[in-house]
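Dear colleague,

I am passing on a structure that I would like you to look over when you have time. My notes on what was found in it follow below.

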Amino acid sequence: MFSSTELEEIQKLLIPTNNIVIVTHYNPDGDAIGSSLGLKHFLVANGLSPEVVVSNDYPKFLKWMPEAKQITIADYKRKKAAELIENADVIFLLDFNATVRSGDRVGNWLQNAKAKKILIDHHQQPDYFDYVYSDTTVPATCQMVYHFIAALGKENLVNKNIAECLYCGIMTDTGGFRFRSTSATTHLVTAKLIEAGADPAFISTNTWDTNSVSRLHLLSLVLSRLEVVADGKVAILSLKREELKEFGFEKGDTEGFVNYGLSIGGTKMAAFFMEDLFEDFIKISFRSKDNVDCNAFSRKYFNGGGHINAAGGKYMKSLEETINDFKEKVVEINFD
Ligand code: 5GP
Ligand code: MN
């Protein structure tokens with residue numbers, strides 16, 4: 001958590017005459033959108049008028065969140081997004097550790113912005129900003145936003161809007177309260193969010209039970225080709241661009257596919273390789289169990305990073321070459 005001096009300074013920045021902007025990472029997920037909107041609703045409850053800016057569009061299954069439609073998406077509203085960041089007095093950076101992770105364009109704007117920057121994030125290796133609250137042991141940035149609200153002594157302001165958004169991010173980043181960093185504290189915070197109006201059934205139904213038939217057909221194709229290597233320790237999944245097109249791919253359609261690899265008994269790591277729809281690179285998702293460090297592996301070989309048990313990466317070779325390179329490198333990991 002921020003020190004008490006930092007909290008006092010931050011309090012002084014949170015005044016109606018300051019322009020406040022909240023930014024999150026490229027390809028926003030449930031924790032990114034949940035923490036951004038959750039914090040926005042909290043600042044609104046304090047009489048402020050913050051704006052949320054994201055680099056690119058995010059999955060449809062997150063658009064039920066209160067005021068999701070008011071988010072400024074830089075890909076669609078470039079001028080407005082640039083001006084908001086340029087004119088900001090305070091910028092909250094949520095759920096990412098370095099400006100580049102918000103995309104090249106927004107990342108540049110952030111670097112040139114004069115605003116005081118406040119980072120709240122749970123990824124490894126955070127960059128330096130004016131104020132940094134980084135904790136890699138917390139499963140979701142949404143939980144950290146709750147702790148921040150509590151540290152300000154304002155838990156009493158947590159309303160239904162805040163609670164729904166924060167609950168969603170905790171639910172998605174813990175894989176439904178299953179992943180390793182899910183703690184008693186996570187559940188205590190979640191309980192408070194439910195008391196404040198978050199409805200678990202409503203949120204999980206709106207977020208997870210919104211599959212299209214084509215998404216499930218795409219999943220069945222991916223699963224039919226699933227490969228297990230390294231003595232059953234590593235599962236590999238992949239998708240080609242033509243297949244994405246054939247099944248009418250929409251943003252978010254492949255979310256969670258990688259987890260099926262990890263659901264096989266005995267696997268310690270799963271990797272999902274996908275050709276980008278428009279550009280010539282492979283987007284990679286890594287997931288792991290126990291101490292198998294996806295972050296270190298992805299940083300070392302696949303231009304990425306993230307968390308120990310969940311990381312992403314980007315590779316500039318063909319799909320086949322990428323998977324071959326992966327098979328070559330993955331044997332270096334000690335799975336015992
Ligand atoms: P996903 O596989 O869901 O895209 O990402 C898993 C985790 O890794 C997320 O926390 C995400 O922020 C992080 N991540 C994904 N792609 C990248 C990347 O290219 N670079 C870094 N540093 N982190 C990434
Ligand atoms: Mn997160």
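**Findings**

Ser 49 is exposed, with a relative accessible area of 65%, where exposed stands for over 50%, buried for under 20% and partly exposed for the range in between (1.4 Å probe, protein chains only). Ser 49 sits in the loop that runs between helix H2 and strand S2 (51–54), and its C-alpha is 41 Å in space from that of Phe 297, with the two positions 248 residues apart in sequence terms. Helices (H or I, at least four residues) and strands (E, at least two) are DSSP runs, numbered from the N terminus.

Please keep in mind that this is a predicted model, in which local features need pLDDT of at least 70 and side-chain atom pairs count only at pLDDT 80 or more, while totals for chains, interfaces and linings use all residues. Residues are numbered from 1 along each chain as its sequence is written, chains are lettered from A and ligands numbered from 1 in the order in which they are written, and side-chain values use heavy atoms, with hydrogens and water left out.

**The manganese ion**

The manganese ion (ligand 2) has as its protein donors Asp 31 (OD), Asp 95 (OD), His 122 (NE2) and Asp 173 (OD), at 2.2 to 2.3 Å; donors are N, O and S atoms within 2.8 Å of the metal (3.2 Å for Na, K and Ca), and since water is not among the atoms, sites may look incomplete. Asp 31 belongs to helix H2 (residues 30–45) and Asp 173 to helix H6 (residues 160–173), so this pair ties together parts that are 142 residues apart in sequence. Both Asp 31 and Asp 173 are buried.

**The sheet**

An open sheet of mixed pairing is formed by 6 strands in the order S7-S8-S9-S10-S12-S11, two strands being paired if DSSP finds at least two bridges between them. S7 and S11 stand at the edges with a single partner strand each, so one side of each is left without a neighbour in the sheet.

Strand S8 (residues 234–239) is mostly covered, with 6 of its 6 residues buried; Val 234, Ile 236 and Ser 238 point one way from S8, and Ala 235, Leu 237 and Leu 239 the other way. Strand S7 (residues 227–229) runs antiparallel to S8 and is joined to S8 by 3 bridges, with Val 229 opposite Val 234. The two strands S7 and S8 make a hairpin with 4 residues between them, and Ala 230 in the turn has a positive phi of about 55°. S8 also pairs with strand S9 (residues 269–275), in the parallel sense and over 6 bridges, and here the bridge partner of Val 234 is Met 269.

**Ligand 1**

Which strand gives the most to the shell around ligand 1? The answer is S12, with 4 residues, although strand S10 (282–288), strand S11 (305–306) and strand S12 (310–315) each supply at least two. Ligand 1 is surrounded by 13 residues, the closest being Arg 101, His 123, Ser 285, Arg 287 and Gly 305. A polar side-chain atom of His 123 lies 2.7 Å from an oxygen atom of ligand 1, and for His 307 the corresponding distance from a polar side-chain atom to an oxygen atom of ligand 1 is 3.1 Å. The protein covers 80% of the 500 Å² of accessible area that ligand 1 has on its own, areas being obtained by the Shrake-Rupley method with a 1.4 Å probe.

With kind regards

Technical notes
A residue is near a molecule or strand if one of its heavy atoms lies within 4 Å of it. A polar contact is a pair of N or O atoms within 3.5 Å; within protein, one must be able to donate a hydrogen and the other to accept it, and residues adjacent in sequence count only if both atoms are side-chain atoms.
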